[in-house]
Protein chains: 2
Amino acid sequence: MDPRFLQALAAPAGTKIALVIMDGLGGLPLEPGGKTELETARTPNLDALAAQSALGLTVPVGPGITPGSGPGHLAIFGYDPIEYEIGRGALEALGVDFELGPEDVAARGNFCSVDAAGVVTDRRAGRIPTVVGRELAELLRAIRLEGVELFVETVKEHRFAFVMRGPGLDAALTDTDPHTTGLAVRPVRALEPGSEKTAGLANEFVEWARKLLADKHPANMILLRGFARFPRLPSFQELYGLRAAAIAVNGMYRGVARSAGMTVLDVPGTAPADEFAVLEQAWGEFDFFYLHIKETDTAGEDGDFCRKVRAIEEVDGLMPRLMALRPDVVIVSGDHSSPALLRSHSWHPVPTMLYSGLVRADGIGAFGERACAQGSLGVLPAKRVLPIALANAQRLAKYGA
Amino acid sequence: MDPRFLQALAAPAGTKIALVIMDGLGGLPLEPGGKTELETARTPNLDALAAQSALGLTVPVGPGITPGSGPGHLAIFGYDPIEYEIGRGALEALGVDFELGPEDVAARGNFCSVDAAGVVTDRRAGRIPTVVGRELAELLRAIRLEGVELFVETVKEHRFAFVMRGPGLDAALTDTDPHTTGLAVRPVRALEPGSEKTAGLANEFVEWARKLLADKHPANMILLRGFARFPRLPSFQELYGLRAAAIAVNGMYRGVARSAGMTVLDVPGTAPADEFAVLEQAWGEFDFFYLHIKETDTAGEDGDFCRKVRAIEEVDGLMPRLMALRPDVVIVSGDHSSPALLRSHSWHPVPTMLYSGLVRADGIGAFGERACAQGSLGVLPAKRVLPIALANAQRLAKYGA
């Protein structure tokens with residue numbers, strides 16, 4: 001269902017929904033006939049919850065499509081991930097809690113290394129420490145351009161977010177990043193007549209940066225890519241009347257949640273237990289909680305099957321803290337699969353469980369890919385899960401008389 | 001996913017995909033509670049492959065819709081069978097390896113019998129032998145009309161393909177075939193103002209044919225139906241960068257494959273073993289192989305349950321020859337169901353297996369309708385299978401950041 005269709009049915013209730021997303025949860029066995037990461041993990045709490053839940057496999061974008069984190073998250077938040085797109089630049093700025101305005105144009109920035117001829121020799125400037133990145137960002141903040149306000153926000157290591165704010169800006173711009181070493185930094189080009197002014201400003205900024213960083217090798221130049229505006233998503237509050245909170249450590253996920261109008265909570269620490277502690281503290285103040293676990297994806301992308309197993313087991317150990325809060329609806333799923341075997345995101349459907357007192361429980365006492373393939377949710381688009389959760393939270397009125 | 005969406009994600013790889021289509025594969029038990037043709041067949045090779053595959057049931061056009069061979073094939077080739085349509089006339093011409101041009105207008109032709117009043121007494125002229133059809137076609141080739149080039153290509157028995165080539169032609173025309181005996185041959189009528197000229201030319205051709213065939217009873221007249229142009233399908237090469245080959249004996253399937261830009265290989269012989277021999281010979285030259293088996297459908301349409309079972313068993317016996325080539329992805333499916341019980345195509349979903357080293361195998365060691373209903377692919381539109389195959393062949397890049 002389109003979010004706007006659901007909006008018309010949204011009804012108030014005192015219920016609470018928790019959406020626990022283990023990033024890249026879905027996996028593959030290391031050898032044919034073996035078990036996936038999730039099937040290997042010892043998960044007594046998730047298994048017990050599965051027995052009281054409806055299980056299924058979610059398809060984030062479409063069959064065979066490997067989703068990036070942006071589309072993967074849009075889908076689990078109930079938005080069509082093809083209709084709504086979040087540009088990389090906007091994600092980067094949102095991720096560092098930058099309050100992107102509706103007219104701002106943001107890009108993802110890298111400090112990089114160039115040789116005397118301006119050819120890129122390292123797109124990440126040897127992954128300079130974050131502290132160095134901060135100093136260099138400070139230099140860039142000295143740049144002034146007429147008619148726009150500029151922001152340079154350090155992200156991590158060589159990465160920063162670049163934002164232009166002012167009237168008449170447009171994000172239809174090409175990257176300066178040649179996306180490979182051995183090529184020169186490219187000028188920003190306007191993709192539409194309306195973005196020519198913005199292209200000119202971006203190029204002026206890049207030339208200033210080149211001069212300011214000239215003696216700062218290895219970080220003697222910058223690359224900009226993924227120019228984008230703030231995505232205009234209808235918010236959870238507006239659509240469903242939900243006071244929604246996001247509990248996530250990493251910038252991108254905090255950013256997508258913010259674009260859906262969620263209140264992004266501060267997490268003092270980076271461990272899953274720290275996130276569950278925030279959940280407990282904030283439980284009284286919100287109706288909907290999105291809790292994001294990054295380590296499952298990181299381990300998958302590192303090809304570390306066992307570390308991904310342990311990350312899942314760690315979340316399993318924390319589940320009783322969530323259940324002690326007596327949530328009305330709990331979804332446990334992922335934004336996509338990241339099998340250690342592939343060391344990357346993948347297209348495989350994502351194991352998903354939906355617990356509530358009103359669900360038709362499948363009685364399958366295991367949470368894994370094959371168990372979910374037997375579940376009554378079937379194989380369904382990820383964006384279809386949120387409406388089912390809202391229904392189980394008795395937050396959707398009847399359609400039609 | 002729309003093929004154009006996939007096109008933007010297409011990535012090169014050295015992998016090979018084999019699509020084995022047993023025409024009309026899906027079946028029904030002869031009596032309630034019994035086994036279908038596929039469930040009855042002894043298929044040790046397919047069963048073993050199923051254990052390493054993901055299984056599902058595909059819906060060619062839509063729930064409850066019985067597909068013709070054209071739409072059924074468009075769907076398994078990844079095209080929306082409602083958005084893309086292939087007219088019968090175009091299929092007939094493509095099927096005899098006629099190189100239809102983009103502006104040509106083609107129709108399916110029958111030699112038929114008419115009485116003195118011009119009323120159709122046999123729509124197939126007693127199924128005259130192909131050799132007679134050839135002689136009569138030669139007569140029709142003498143017809144000349146101003147401004148167009150005409151082609152008459154013998155198909156089989158009473159059937160021929162009729163093609164008009166020239167500027168300003170249009171295929172929005174009615175059939176001359178009354179589709180029943182006891183009625184007169186109808187004049188071609190234009191369905192749009194732009195097709196009036198073409199209607200006039202077609203009617204001139206028919207009147208010439210009437211004169212030339214007057215003393216050739218039982219084949220003393222012709223019927224034309226299914227006027228159509230060459231379908232404009234974006235090709236597998238253009239969409240996915242795939243060098244695609246088609247291995248099929250029957251004209252129509254060769255024609256649909258050609259319309260998708262596949263290279264249609266010659267098969268010396270008509271047996272499935274002949275087709276597998278071609279597969280082996282051409283293996284090095286292509287990335288994608290569509291191999292079509294006709295007998296399953298023919299037996300189903302004849303109502304011959306046992307012959308369909310044997311046809312399936314014959315393909316099972318040949319599967320080791322395909323697997324010895326070490327394909328990266330194998331799909332075994334059908335373009336629709338043709339239960340012997342119904343003696344016709346039917347709407348029933350089609351058993352489908354997708355094998356690859358990267359698939360999450362369901363571990364179900366049987367290939368049949370009920371086994372596939374348990375599979376993790378679920379019940380899915382047939383057009384969704386190709387993207388999953390491309391993903392498993394690692395030929396699709398990530399969508400979004």
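Visitor: How much area do chain A and chain B bury between them?
Guide: The model is a predicted one. The contact draws 31 residues from chain A and 25 residues from chain B. Carbon and sulfur atoms carry 64% of the buried area. The area that the two chains bury between them is about 2100 Å².

Visitor: Which residues of chain A lose the most area to chain B?
Guide: Two elements of chain A give two or more residues to the side that touches chain B, namely α4 (69–76) and α13 (369–373). The residues that lose the most area together make up 26% of what that side buries. They are Pro63(A), Ile65(A) and Trp347(A).

Visitor: How many salt bridges does the rule find across the interface of chain A and chain B?
Guide: Polar contacts are present there, with 7 residue pairs counted between chain A and chain B. A search of the whole structure finds 44 salt bridges over all chains. Across the interface of chain A and chain B, however, the number is 0.

Visitor: What relation does the turn that lays chain A on chain B correspond to?
Guide: Chain A can be laid on chain B with an RMSD of 0.2 Å, by a turn of 123° and a shift of 0.2 Å along the axis. That is the relation of a three-fold axis.

Visitor: Why do the copies meet through different surfaces?
Guide: The interface residues of chain A can be compared with those of chain B. The copies meet through different surfaces because the share of chain A interface residues that are also interface residues in chain B is only 3%.

Visitor: Which helix gives the most to the largest nonpolar core?
Guide: This core has 65 residues, and Phe77(B), Phe236(B), Met262(B), Phe288(B) and Tyr290(B) are those with the most contacts inside it. Met262(B) touches residues including Ala244(B), Ala257(B) and Phe288(B). The helix that gives the most, with 6 residues, is α14 (residues 385–392) of chain B.

Visitor: Is Arg254(A) buried or exposed?
Guide: The side chain of Arg254(A) meets that of Asp266(A) in a salt bridge (3.5 Å, N to O). Asp266(A) is exposed, with a relative accessible area of 62%. Arg254(A) has a relative accessible area of 7%, so the residue counts as buried.

Visitor: How many residues apart are Asp287(B) and Arg395(B)?
Guide: Their side chains meet in a salt bridge (3.7 Å, N to O), and both Asp287(B) and Arg395(B) are buried. Asp287(B) lies in the loop between α10 (272–282) and β10 (288–293) of chain B, and Arg395(B) in the segment after α14 of chain B. The pair links distant parts of the chain, and the separation is 108 residues.

Methods:
Residues are numbered from 1 along each chain as its sequence is written. Chains are lettered from A and ligands numbered from 1 in the order in which they are written. This is a predicted model: local features need pLDDT of at least 70, side-chain atom pairs count only at pLDDT 80 or more; totals for chains, interfaces and linings use all residues. Side-chain values use heavy atoms; hydrogens and water are left out. Copies are superposed by least squares on the C-alpha atoms of residues with pLDDT of at least 70 in both. Contact means heavy atoms within 4.5 Å. A nonpolar core is a set of buried Ala, Val, Leu, Ile, Met, Phe, Trp, Tyr and Cys residues joined through side-chain atoms within 4.5 Å. Buried means under 20% relative accessible area, exposed over 50%, partly exposed in between (1.4 Å probe, protein chains only). Helices (H or I, at least four residues) and strands (E, at least two) are DSSP runs, numbered from the N terminus. Buried area is the accessible area (1.4 Å probe) that two parts lose on being put together, summed over both. A salt bridge is a side-chain nitrogen of Lys or Arg within 4 Å of a carboxyl oxygen of Asp or Glu. A polar contact is a pair of N or O atoms within 3.5 Å; within protein, one must be able to donate a hydrogen and the other to accept it, and residues adjacent in sequence count only if both atoms are side-chain atoms. Lists of a residue's contacts leave out its neighbours within four places in sequence.
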